[in-house]
Amino acid sequence: MFPPLTTGYEERDGSIGTRSLGFYERLAKGGVGYIVIGDVAPVRTASSTPKLYDDSQIPTFKKLADTLHQYDAKVALQIFHPEYDVPGVGKMIVDANIARGAAAKAKAAGNEEEAAKQTQIAETITRDAYAKLHHDMQHFVSEASVEQLQAIIQSIGNCAAKAQVAGIDAIEIHGDRIVGSLCSKILNHRTDDYGGSFENRTRFALEVVKAIKEAAPELAIEYKLPIITLNSDGTLRGKGGLEEEEAIEFAQLLEKAGVDMIQVAQANHTGSMGDTIPPMGDVPYNWTLPVAKKIKETVSVPIATVGRVVSVEAGEKILADGDADIIAYGLSLCTDPDIGLKVEKGECIRECLNCNKGCVDAIQNRRYISCVLNAENGDETTIFIKPSDVSKKVLVIGGGLAGLEAARVAAIRGHKVTIVEKSDKLGGQIHLAAIPPRKSEILRSVEYYEKNPANS
């Protein structure tokens with residue numbers, strides 16, 4: 001499984017363009033069986049994510065579904081709603097743009113006084129919009145009216161219906177974000193039917209499930225169930241979602257409501273990105289698996305596990321032990337999209353370092369994601385290795401990471417490659433980089449070339 005991941009590859013209007021399609025098609029070609037498109041907004045929002053709220057947007061999602069189906073891959077949309085008053089903030093942004101247009105028109109007409117006035121209005125509205133946005137992100141879950149919550153449920157149902165028309169196979173409910181915030185003891189301070197007791201806090205999530213089943217009865221439903229875990233010092237990791245005991249109980253309610261699959265994941269996106277995608281050495285491998293195992297023992301629907309599985313051997317052990325049914329490789333598939341095919345062929349797999357440089361850093365800085373080990377990531381339609389017309393003898397001087405990658409690419413292109421290295425081991429300065437605390441995992445970058453030179 002490729003789990004939902006914010007990529008930044010979508011077009012500015014949120015449609016699936018050439019870049020997005022190329023990325024997901026590459027995953028399907030590599031043998032991924034189930035691909036989830038992350039953060040699909042069911043409303044018109046400024047968020048830089050995929051969007052499906054209007055019939056005019058259906059064709060690009062249909063092209064996505066049709067393309068991935070050619071490789072026998074199933075595709076799901078992870079529907080999420082931003083944690084703020086989208087219409088309210090949107091109107092303010094529109095009003096600010098109108099004022100800017102009026103300012104430009106007045107300036108062109110030589111009316112400097114009116115231009116200055118309209119510019120001031122635009123700046124004030126923009127400042128107020130961002131203030132409202134920041135405030136709502138922290139408090140919307142508790143302050144939203146029942147009417148607003150029902151409108152959100154309606155928009156999610158409408159999005160699911162459009163996904164069904166597009167030929168999408170499943171809907172993943174983003175159990176974090178506003179859904180997880182409503183479930184949370186920490187974030188939900190409501191005193192109405194959507195706050196307080198466990199039953200009330202999970203009410204919204206179950207209403208979302210019902211709305212999707214009614215709007216898109218042909219689609220499977222997956223629920224991303226965010227878990228608040230414990231850090232080594234006993235503090236809570238994450239704010240949204242549910243703690244273990246309630247999560248196990250809620251999973252049973254989800255199954256009764258008709259959910260077809262549950263992905264057990266770390267909470268939450270309302271806190272630090274490092275909570276959900278931790279850097280190397282920060283948490284144990286697959287740290288949420290113990291909870292996933294307990295949930296699997298209480299329900300009959302398939303359970304997916306995600307987070308620092310890293311190796312195929314680790315994933316196979318989880319399956320063999322019966323701790324989960326589906327293994328999600330997220331950033332690992334950005335590092336090497338051919339994991340599925342390479343397992344079948346017995347070839348060497350390039351493993352993720354959990355360095356978070358090209359991926360998490362990019363997400364936090366509003367850039368599209370990349371991978372420090374995979375130059376093709378995100379540019380699959382324009383950057384790929386082509387066979388050479390003429391085979392040459394190539395000498396690579398230096399067995400550091402750059403030299404090893406140059407040799408690999410040259411060999412794949414059909415050249416006869418020799419590497420010379422003056423030291424007694426490959427990897428160069430990577431061995432220095434691996435010395436600081438929690439940095440030893442960076443050595444996986446060298447091990448990739450050492451494990452199977454013929455196939456790497």
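This is a short tour of aromatic rings and one asparagine in a predicted model.

Begin with the aromatic side chains, displayed as sticks, since the structure holds 8 aromatic pairs. Select tyrosine 223 and phenylalanine 250, whose ring centres are 5.6 Å apart and whose planes meet at 80 degrees, so this pair is edge-to-face; the cut-off for that label is an angle over 60 degrees. Now colour the model by secondary structure: tyrosine 223 belongs to strand β4, which covers residues 220-230, while phenylalanine 250 belongs to helix α9, residues 244-257, so the pair ties together parts that are 27 residues apart in sequence. If you add a surface, keep in mind that tyrosine 223 and phenylalanine 250 are both buried.

Next, select Phe2, Tyr9, Phe23, Tyr24 and Tyr368 together, because these residues form one aromatic cluster under the ring-pairing rule, which asks for centres within 6.5 Å. Keep tyrosine 368 on display and add arginine 19, which lies over the face of the tyrosine 368 ring, at 3.6 Å from the ring centre.

For the last stop, move to asparagine 200, which you will find in helix α7, a helix made of residues 198-201. Is asparagine 200 buried or exposed? Its relative accessible area is 14%, so asparagine 200 is buried, the limit being under 20%. Show the side chain of arginine 203 as well, and you can follow a polar contact of 2.6 Å between that side chain and the side chain of asparagine 200. Finally, select Asp192, Asp193, Tyr194 and Gly195, which asparagine 200 touches when residues up to four places away in sequence are not counted.

Definitions and conventions. Residues are numbered from 1 along each chain as its sequence is written. This is a predicted model: local features need pLDDT of at least 70, side-chain atom pairs count only at pLDDT 80 or more; totals for chains, interfaces and linings use all residues. Side-chain values use heavy atoms; hydrogens and water are left out. Rings of Phe, Tyr and Trp (its six-membered ring) pair if their centres lie within 6.5 Å; planes under 30 degrees apart count as stacked, over 60 as edge-to-face and the rest as tilted. Helices (H or I, at least four residues) and strands (E, at least two) are DSSP runs, numbered from the N terminus. Buried means under 20% relative accessible area, exposed over 50%, partly exposed in between (1.4 Å probe, protein chains only). A charge sits over a ring if NZ of Lys or CZ of Arg is within 6 Å of the ring centre and within 35 degrees of the ring normal. A polar contact is a pair of N or O atoms within 3.5 Å; within protein, one must be able to donate a hydrogen and the other to accept it, and residues adjacent in sequence count only if both atoms are side-chain atoms. Contact means heavy atoms within 4.5 Å.
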